Amino acid sequence: MWFLRRMLRIPWTAKKANERVLNEANKRRSLVRTIRKRQATFLGHVMRRGKLEHLVTTGKFEGKRSRGRQREKIMDGLATWLGPGKVSDILAAVKDRDLWRDMIANAYKQGT
């Protein structure tokens, strides 16, 4: 972002949101989309394997929760990225590899 601001000659004292700077430069955030895509492909791999990682990512393990605000889970972040739907719908879609790949590709193309 600092590089775009410098190219557009926007001073650091200007109170412009990052989204406005991106619109002025006609750019889209691609790093976040790439991270979400890689998380989704990894999640599909882990869920189809069904080992210990499956239990950890779905959050079904015993123990005490830590105090304070809970961290955002991978499943919750992917549920918002992939579109309207529940986590249970996502877990059902992971079983079908072709459907899962299509869901990831559609979400990546939309740029959300």
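A residue is called buried here if its relative accessible area is under 20%, exposed if over 50%, and partly exposed in between, using a 1.4 Å probe on protein chains only. Helices are DSSP runs of H or I with at least four residues, numbered from the N terminus. With these terms in hand, helix 5 makes a good starting point: M75, G77, L78, A79, W81 and L82 are buried in this helix.

The model is predicted, and local features need a pLDDT of at least 70, while side-chain atom pairs count only at pLDDT 80 or more and totals for chains, interfaces and linings use all residues. Residues are numbered from 1 along each chain as its sequence is written, and side-chain values use heavy atoms, with hydrogens and water left out. The pLDDT is the predictor's confidence in each residue, on a scale from 0 to 100. The protein chain averages 82, and 96% of the residues score at least 70. Among its elements, helix 2 (residues 18–25) has the highest mean pLDDT, 90, and helix 4 (residues 52–58) the lowest, 73. As a general caution, predicted coordinates should not be read in detail where pLDDT is low.

Back to helix 5, the cover over its buried residues includes helix 3, helix 4, helix 6 and helix 7. M75, which belongs to this helix, counts as buried because its relative accessible area is 4%. Contact is taken as heavy atoms within 4.5 Å. Leaving out residues up to four places away in sequence, M75 touches L43, M47, T57, V87, I90 and L91. One of these partners, L43, is 32 residues from M75 in sequence, with 8.6 Å between the C-alpha atoms. Just after helix 5, G83 takes a positive phi of about 115°.

Helix 6 (residues 87–94) buries I90, A93 and V94. Viewed down the helix axis, the buried residues fall within an arc of 105°, so they line one face of helix 6; the arc is that of the directions from the axis to the C-beta atoms. In general, an α-helix has 3.6 residues a turn, so residues three or four places apart point the same way. The buried residues of helix 6 pack against helix 3 (31–49), helix 5 (74–82) and helix 7 (97–110). L91 is also found in helix 6, but is partly exposed, with a relative accessible area of 24%. Beyond its neighbours within four places in sequence, L91 is in contact with M47, T58 and M75. By contrast, the C-alpha atoms of L91 and K16 are 39 Å apart, across a sequence separation of 75 residues.

The packing can also be described through nonpolar cores, each a set of buried Ala, Val, Leu, Ile, Met, Phe, Trp, Tyr and Cys residues joined through side-chain atoms within 4.5 Å. The largest has 14 residues, and those with the most contacts inside it are A40, L43, W81, L82, I90 and W100. Two or more residues are given to this core by each of helix 3, helix 5, helix 6 and helix 7. Helix 5 provides the largest share, five residues. Another core, of five residues, lies apart from it and includes L4, I10, V21 and L22.

Ring geometry adds further detail. Rings of Phe, Tyr and Trp (its six-membered ring) pair if their centres lie within 6.5 Å, with planes under 30 degrees apart counted as stacked, over 60 as edge-to-face and the rest as tilted. One aromatic pair satisfies this rule. The ring centres of W2 and F3 are 5.9 Å apart and the planes meet at 85°, so the pair is edge-to-face. Both W2 and F3 are exposed. A charge is said to sit over a ring if NZ of Lys or CZ of Arg is within 6 Å of the ring centre and within 35 degrees of the ring normal. The charged end of R33 sits over the ring of Y108, 4.4 Å from its centre, and K37 lies over the face of Y108, at 4.8 Å from the ring centre.

The loops offer a few backbone features. R9, in the loop between helix 1 (2–7) and helix 2, has a positive phi near 60° although not a glycine, and its relative accessibility of 75% makes it exposed. N26, likewise not a glycine, has a positive phi of about 55°; this residue lies in the loop between helix 2 and helix 3 and is exposed, at a relative accessible area of 69%.
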